[in-house]
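Please open the model in your viewer, with both the cartoon and the sequence in view, and follow the stops below in order.

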Amino acid sequence: MIELKGIGKRFGAHSVFEGIDLSLERGEIIVIVGPSGTGKSTLLRCINFLETPDAGSLTVGDLTVDTTRATREQILALRRRTAFVFQNYALFANKTALENIAEGMIVVDHMPKREAHSRAREILERIGLADKADAYPASLSGGQQQRVGIGRAMAANAEVILFDEPTSALDPQWVEEVLGLMKQLAAEHQTMIVVTHEMQFAREVADRVVYMDQGRIIEQAPPSELFTAPKDERTRQFLRKILPAQEGV
Amino acid sequence: MHGLDLDYMAALVPILLRYLPLTLEMAAAGMLCALVLACLLAVIRVTRVPGLNAFALLFISFFRGTPLLVQLFLFYYGLPQVLTFLVSINGITATILGLTLHFSAYMAESIRAAIVGIDRSQTEAALSIGMTQSQLMRRIVLPQATRVATPTLMNYFIDMIKSTSLAFTLGVTEMMGATQKEAASSFLYFEAFLVVAVIYWIVVEALSWLQKWLENRLNRAYQR
């Protein structure tokens, strides 16, 4: 179970958000949508301390952290219970696809190298890149790199995978293969929080869609409700703007 | 004007080559110490260790801002007058010390630039899977920084080999000093210095080949 209570973040005098509460059950899939610059990515980055929250507490699995006085050990423990998929893939450039996936298992989980590599091969199989095991990131397409990025997150065996606009940096022709892989994970009941502008994905896959605007959660509901009968005027306006544009594609 | 005394030149080669090991040893020792010191300075600069950062800046500024020859004279002839325990410092040690300090200042800056140049998102990715700062440095940042810095570091090494010739001004009989002595007794200055120039040249060319090979090896992961 994941729970955010009263999470706040400010950059200098500018408050990105404050008092954010959000919780999800094991196996639940949440998609966060909303206009750019409303703190969706920052919120996601607070969950594993890539940004340090200024207020609130975080619970991931059996670990609860008071974010204002988190110790180094707690932050590491929190990061080991979460995994992150980056917009720009952020693969380790000096490591092959296989090594990118195995790295965490070897260094963080102290798994013997052989075992880690054989697990990494299984993951490569699942993400459809078994033939690219020895390829370096520079020789992979954007879609392939992002699939390896997801593979690396899968290898972490985390309570939750956090996706930060995983398809935004991709050329259009690679978007489907990445969304396809995320759907496959969803079908396996992987707990995920996804920040994305892909409304179709939200509609198909999300258990719950969270609408964020100007640093606040405006409303959250299953996609069937939120997309057809949004309660708040701001949600309605946002959906009016974004839906026809995407439906036309 | 007389023709080149080729026989003299040929006879000089083995004599001078006897001093090549000393030249290479001084350069290798200087390079090794300079690398360690440069890494230290670079990490201090990158992480901005309070206090030490200011010292590193001053150190780098001084050793880049003054000629190597002046630094060598300062260490060999000057310092022992102030720090009397250094009276016994010999020319070879003083040369290695000078090369170390001088080149570490340059190398620190190129290592720092290489570390800073590693894409920040890879650092975040490493942290996000639960790596510690030192694991991140060891496994992700430094291997890539090494690759970026290698060409410039090799250039400094080549420069350092040539700079060992200054040791003769501290009374060290290395390759340049030996040439000077041979030339003074034969009066064939042109031949003698031509021979030593060609020896330096060949050594540096060999290293340039090594440099190319090393770069190709390190770049393997980045070819599309």
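Begin in chain B of this predicted model by selecting helix α1 (residues 6–17) and helix α9 (residues 189–218), which pack with their axes 10 Å apart and at an angle of about 50°. That angle makes α1(B) oblique to α9(B), and the crossing of the two helices is right-handed. To see where they touch, show the side chains of B:Tyr8, B:Met9, B:Leu12, B:Val13 and B:Leu16 on α1(B), together with B:Glu191, B:Ala192, B:Val195, B:Val196 and B:Ile199 on α9(B). Sorted by class, this contact of α1(B) with α9(B) has 9 nonpolar residues, 1 charged residue and no polar ones. As you look along the helices, recall that an α-helix has 3.6 residues a turn, so residues three or four places apart point the same way.

Keep α9(B) selected and add helix α8 (residues 175–186) of chain B, whose axis lies 8 Å from that of α9(B), the two packing at an angle of about 160°. With this angle α8(B) is roughly antiparallel to α9(B), and α8(B) passes α9(B) in a right-handed crossing. From α8(B) the contact draws on B:Met175, B:Met176, B:Thr179, B:Glu182, B:Ala183 and B:Ser186, while α9(B) brings B:Tyr189, B:Ala192, B:Phe193, B:Val196 and B:Ile199. The residues in this contact of α8(B) with α9(B) comprise 8 nonpolar, 2 polar and 1 charged. B:Ala192, B:Val196 and B:Ile199 are worth labelling, since they appear in the contact with α1(B) and also in the contact with α8(B).

Before leaving chain B, turn to where it meets chain A. How many residues does each chain give to this contact? Chain B gives 19 residues and chain A gives 21. On the side of chain B that touches chain A, select α6 (120–128) and α7 (133–163), the elements that give two or more residues; of these, α6(B) gives the most, with 6 residues. That side of chain B is made up of 8 nonpolar, 8 polar and 3 charged residues.

Now move to chain A and select the open sheet of 4 strands, which runs in the order β2-β1-β4-β5 with antiparallel pairing. Its edge strands are β2 (14–24) and β5 (63–66), each of which pairs on one side only, and neighbouring strands are turned by 20° against each other on average, direction ignored. Zoom in on strand β4 (residues 55–60) of chain A, which pairs with β5(A) in the antiparallel sense over 4 bridges; at one of the positions to inspect, A:Val60 has A:Leu63 of β5(A) as its bridge partner. Then add helix α2 (residues 72–81) of chain A, which lies across β4 and β5 and runs at about 135° to β5(A).

The next stop in chain A is an open sheet of 6 strands with mixed pairing, in the order β6-β7-β8-β3-β9-β10. At its edges stand β6 (82–85) and β10 (216–221) of chain A, each with a single partner strand, so one side of each is left without a neighbour in the sheet. From one strand to the next the twist averages 20°.

Within this sheet, select strand β3 (residues 29–33) of chain A, which pairs with β9(A) in the parallel sense over 4 bridges, and find A:Val33, which stands opposite A:Tyr211 in β9(A). On the other pairing, strand β9 (residues 208–213) of chain A joins β10(A) in the antiparallel sense over 5 bridges. Here A:Tyr211 has A:Glu219 of β10(A) as its bridge partner, and A:Val209 has A:Ala221. β9(A) and β10(A) form a hairpin with 2 residues between them, and A:Gln214 in the turn has a positive phi of about 45°.

For the last stop, select helix α1 (residues 40–47) of chain A: is it enclosed or open? Of its 8 residues 7 are buried, so this helix is largely enclosed by the rest of the structure. The buried residues of α1(A) are A:Lys40, A:Thr42, A:Leu43, A:Leu44, A:Arg45, A:Cys46 and A:Ile47. Step just past the end of α1(A) to A:Phe49, which takes a positive phi of about 65°.

Conventions
Residues are numbered from 1 along each chain as its sequence is written. Chains are lettered from A and ligands numbered from 1 in the order in which they are written. This is a predicted model: local features need pLDDT of at least 70, side-chain atom pairs count only at pLDDT 80 or more; totals for chains, interfaces and linings use all residues. Axes are lines fitted to C-alpha atoms, for helices over the stretch in contact, and angles run from 0 to 180 degrees between N-to-C directions. Angles under 35 degrees count as roughly parallel, over 145 as roughly antiparallel, 65 to 115 as roughly perpendicular and the rest as oblique. A crossing is left-handed if the near helix is turned anticlockwise from the far one by less than a right angle, and right-handed if clockwise. Two residues are in contact if their C-beta atoms, placed from the backbone, lie within 7 Å. Ala, Val, Leu, Ile, Met, Phe, Trp, Tyr, Cys and Pro count as nonpolar, Asp, Glu, Lys and Arg as charged, and the others, Gly among them, as polar. Two strands pair if DSSP finds at least two bridges between them. A residue is buried if 20 or more other C-beta atoms lie within 10 Å of its own, exposed if 12 or fewer, and partly exposed in between; C-beta atoms are placed from the backbone.
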